[in-house]
Structure formats: structure tokens, C-alpha cells
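Tutor: Let us work through this model by question and answer, giving each term its cut-offs once, when it comes up.

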Amino acid sequence: MHDAKTKQADRLDIGQISDNFLEKYNRPGPRYTSYPTAPVWKDEFGPDDFEKYCARAEQRATPVSLYMHLPFCESLCLFCACTVSIQKDKRVAIPYLETLKREIDHMARHVSKKRPVIQFHWGGGTPTYLSPVQMEDLFGHTRELFSFAPDAEIGIEIDPRVTSREHLETLRRLGFNRLSMGIQDFEPKVQETIHRIQPYEMTRDLIVVARELGFESLNVDLIYGLPYQTASSFRATVDRTLTLQPDRVAMFSYAHVPWLKKQQGSFAEHLPEGMEKFRIFRAGLEQFLGAGYLYIGMDHFAKPGDELAVAQKNRTLHRNFQGYTTKAGADLYGMGVSAISSLGEAYAQNRREVPAYQAAIAERGVATMRGYRLTSDDQIRRVVIGRLLCHTVILKSEVEREFSITFDDYFAPEVQRLEEFRAEGLVALAPGEIRVTSLGRIFIRNVAMTFDRYLHEQQMDQRPLFSKTL
């Protein structure tokens, strides 16, 4: 993996990036939490289709991953592009939770207790918007209906601004073992501009409590490219983050999508762009590598002994709608407003507005608004893109055995297009493999886009669909 020489090579490669190089590769592209990506999905895929794929998953008796979306927040962070509902009056959570429990009841009928839940996650929104009593009720309801594996990964996203010691004590007692904590940036001017005031001390104190309570994994999120950020200010944020000793770090690129989230337009003129934004990314990358973290790819760092790092080394790392995971082979059942399920050869997404979601569950028990059935070609490309993003290498013989194809014949146009990436130092091409270089890891989304057969049509769309790759 990354020894001292590799770190040095990373820095050397990065230093050689020019404005022209950056302009060429820093263009809109998917993050590939799914393939095909969501803009390709079909509105005619409905509840009956979803339940058909639930039945198929039940027949395969695959392990289970559960995701529940808890959309409420007390205030809006202006950078946010998630599906959220801003509500000061916390009584709104009561009918939502009743609806969610009805959906859980309905979903449980499709999942035998013989199938272990190996991954469970609450995301948002702000899950700790709920009171400890509400969290205990929701988790208890779920636990009665599903069979959790003894070593299940049970995680939650928390906001230090609204998370109390009682929240953490309740979560730990219930069996939660992973916390993902939003930081974004510690610089006061940045925090003020994005409407997220979160002093370092508040975050530090909550992490101290979490470690005291015995949570196995503490992860933090940072965002580069926010308004008023500079390489120097972000370096200070990373320095302070390193004092917290997180097990994993997600260092996301700020996704500027004002056509989807109008509030982002309020600070557009203060955003770092181009080479300036890249310098901010480089500052974070070099500091985390220098502190001994491994660069997993795209936007994730992990300590060398962390499961993510070990899984990447062993080529068992997987990617789904929650990002990188070690829990490959599970079918994902998403519940709550806007939640996404991934069942074998199909994706399904719930309705994205709380009233419409609640009405659909009341009527049918299922709130599917759209979805997608993968073709055989989609399945091959999903595997290729997934292995590229997770392992940074595609072993052609593996794909050939799995799908009974000849890789270089099947992907002849793509292999030809990769020659340009090789010339730029982003990939190394050999007869039996396609390997991403240290420089290529930074632009790995661009390399993956080579294998996306829908991308050309999407780029012809007049509406912007994706944020930039860096």
C-alpha cells in the first residue's frame, strides 16, 4: 500500500498538475454509488416491480443491509445537497416514525429471519434530531422483526451540535458500534457562511465521550471547496482533525449543484475553483498521508489497520449508496423518504417528499417512485466500475470468468480510450490488467466514466446532472 516512497510519489505527481490538465479532467461526472446512475432510472418501475425483486432476493437468501433515512434537521446547512426537512417543531417526527415503522413491518414480510442483517445504518438529515426514547423505540421495533448477525456493523450519522451524552449512551446500549460525525471545516468564517457553527471543542468533547463508551469506529467528514476556504485554512482544519484521531476520514469535494439546491447560490461568488480548489485538496491529501492514513480512493482515508484498508488490500472492498463498505454480497433495503434499495439486478427509490412518502406507505406499505432493472451489459459494467473504484485495478481474467466474455473484445472502444489516460500517467495498461496510478486515484471517477455507456447521452442533456469530479 502506501509506504514512504509511495507518499513521496503521490506528492511528486500532484505537483506536476497544470491548469490545462485540471481543466481537462475536472468536469461533471457521477460518484458511482450505483451503476447505472440514478438519472438513467425509470419512473415506470413501481411498487409491484420492487416487491418482485424482494421475492427474488428472498429466494437467493442473501445477507441483508438495512438503511433508514431520518430527514429532519433543526436548521439548514447551506452547502447540503441531501434530502432533508427543516423543522424546529420536533413533533413532526412522531407521525413520520409511525409511517417508517409501518414500512419496516411491510419490508420484514419480505425478509426471512434466516437472513442475517450484517449492516444497519441510520442516515439523514440528522438522526440525532430524534430523542433517545424515539431512537430506542425505532431500533427496538426493527430488532424484533429482523435477525441481526453478532458482528453486524451498526452505524449512524451524528451532528455534534444536537447530539448529547444521553444520545450516545442510548445508541451504545442498543448495539450501535460506528459513528460518522460531520465536521466539514473548523474555520469560523467558513462555518458562518455555510450556517453551521460547530467549534472544535464541541466536536472533541463528543468524541471523547464516544471513545469512553466504547464505539468501535469513529469516522469524520470534511468538505473541501467550501466558500472562503484556502489551502492554508484547510490545512489548519486537518491539523485539528488529526488531534481527534478518527479511524476513517471522508474528505468530500463540495458538490455545487444550485440547480438542485437553490440555497447554494447564496455564496457562489466566494467558492474556490480550479487550481485554487485543487490546492485545498492537495493540502488535505498530503497531511493525511503524512499522518499515516491510507488513501482508499475518491474521498476516503483510513488507518492502516482499519477494515477498509485491509479489505482494499485483500480486494474484498465494496461500494454502495453509503460509500465504501466491507460488507459485500448483501442486498440493501432502504426505508424512509427518498431511501434507495439495491436488490440483485434492480434499484428502487422511495418518494422524495415526506407527505407523498407517508401517503404511499399508508396506502400500499411501499413508497417506490422509480427504479431500474439492470441489463446483462449493465451488470458487467457495474462490476468493472466497482472493482476499479474499490481495488484500483481491473483483473481482466476475473471479469472474463464471471461473465464468459473476452475483455478486450467486449470493451474494445473503452480500452482504446484508456490509451489517453495512460499517456497522461493516470493508468498503467498491461495485457491482463488495468491499474490506476497514484495520480489516477485522484481522478478515478474520470477513469470509471470510460466504462459508462450512458454518459454520452447524459452529457447531451441540457440540464446539469452531476457535480465536478474534483
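**Strands and the elements across them**

Student: Val393 stands opposite Arg435 in β19. Over how many bridges do β17 and β19 pair?

Tutor: This is a predicted model, in which local features need pLDDT of at least 70 and side-chain atom pairs count only at pLDDT 80 or more, while totals for chains, interfaces and linings use all residues. Residues are numbered from 1 along each chain as its sequence is written, and side-chain values use heavy atoms, with hydrogens and water left out. Helices (H or I, at least four residues) and strands (E, at least two) are DSSP runs numbered from the N terminus, and two strands pair if DSSP finds at least two bridges between them. Strand β17 and strand β19 (residues 433-436) pair in the antiparallel sense, and the number of bridges is three.

Student: Which strands stand at the edges of the open sheet that contains β19?

Tutor: The sheet has three strands in the order β17-β19-β18, with antiparallel pairing. Each edge strand has a single partner strand, so one side of it is left without a neighbour in the sheet; these strands are β17 (393-395) and β18 (427-430).

Student: At about what angle to β18 does helix α16 run?

Tutor: Angles run from 0 to 180 degrees between N-to-C directions, and axes are lines fitted to C-alpha atoms, for helices over the stretch in contact (heavy atoms within 4.5 Å). Helix α14 lies across β17, β18 and β19 and runs at about 50° to β17. Helix α16 (residues 412-423) lies across β18 and β19, and its angle to β18 is about 130°.

Student: Which residue of β16 is the bridge partner of Tyr347?

Tutor: Strand β15 (residues 346-350) and β16 pair in the antiparallel sense over five bridges. Five of the six residues of β16 (residues 368-373) are buried (under 20% relative accessible area, with exposed over 50% and partly exposed in between, for a 1.4 Å probe and protein chains only), so this strand is largely enclosed by the rest of the structure. The bridge partner of Tyr347 in β16 is Tyr372.

Student: Which residue has a positive phi in the turn between β14 and β15?

Tutor: In a regular strand the side chains alternate between the two faces of the sheet. In strand β14 (residues 340-343), Ile340 and Ser342 point one way and Ser341 and Leu343 the other, and all are buried. β14 and β15 pair in the antiparallel sense over four bridges, with Ser341 having Ala348 as its bridge partner in β15. The two strands form a hairpin with two residues between them, and the residue with a positive phi, of about 60°, is Gly344.

**Helix pairs**

Student: What is the handedness of the crossing of α13 and α14?

Tutor: Helix α13 (residues 376-391) and helix α14 (residues 396-403) pack at an angle of about 155°, with their axes 11 Å apart. That makes α13 roughly antiparallel to α14, because angles over 145 degrees count as such, under 35 as roughly parallel, 65 to 115 as roughly perpendicular and the rest as oblique. A crossing is left-handed if the near helix is turned anticlockwise from the far one by less than a right angle, and right-handed if clockwise. For α13 and α14 the crossing is right-handed.

Student: Which residues of α14 are met by α13?

Tutor: On the α13 side the residues are Gln379, Ile380, Val383, Val384 and Arg387. Their counterparts in α14 are Glu398, Val399, Glu402 and Phe403.

Student: How are α4 and α5 oriented, roughly parallel or roughly antiparallel?

Tutor: Helix α4 (residues 93-108) and helix α5 (residues 132-145) have axes 10 Å apart and pack at an angle of about 10°. The two helices are therefore roughly parallel.

Student: How many charged residues are there in the contact of α6 with α8?

Tutor: The axes of helix α6 (residues 165-174) and helix α8 (residues 200-213) come within 10 Å and cross at roughly 30°. In this contact, Arg165, Leu168, Glu169 and Arg172 in α6 meet Leu206, Val209, Ala210, Glu212 and Leu213 in α8. By class (Ala, Val, Leu, Ile, Met, Phe, Trp, Tyr, Cys and Pro nonpolar, Asp, Glu, Lys and Arg charged, and the others, Gly among them, polar), there are five nonpolar residues and no polar ones, and the number of charged residues is four.

**A loop residue**

Student: What is the relative accessible area of Pro246?

Tutor: Pro246 has its place in the loop between α9 (231-243) and β8 (248-253). Leaving aside neighbours within four places in sequence, Pro246 is in contact with Arg211, Leu218, Val220, Thr241, Tyr293 and Lys303. Pro246 counts as buried, with a relative accessible area of 1%.
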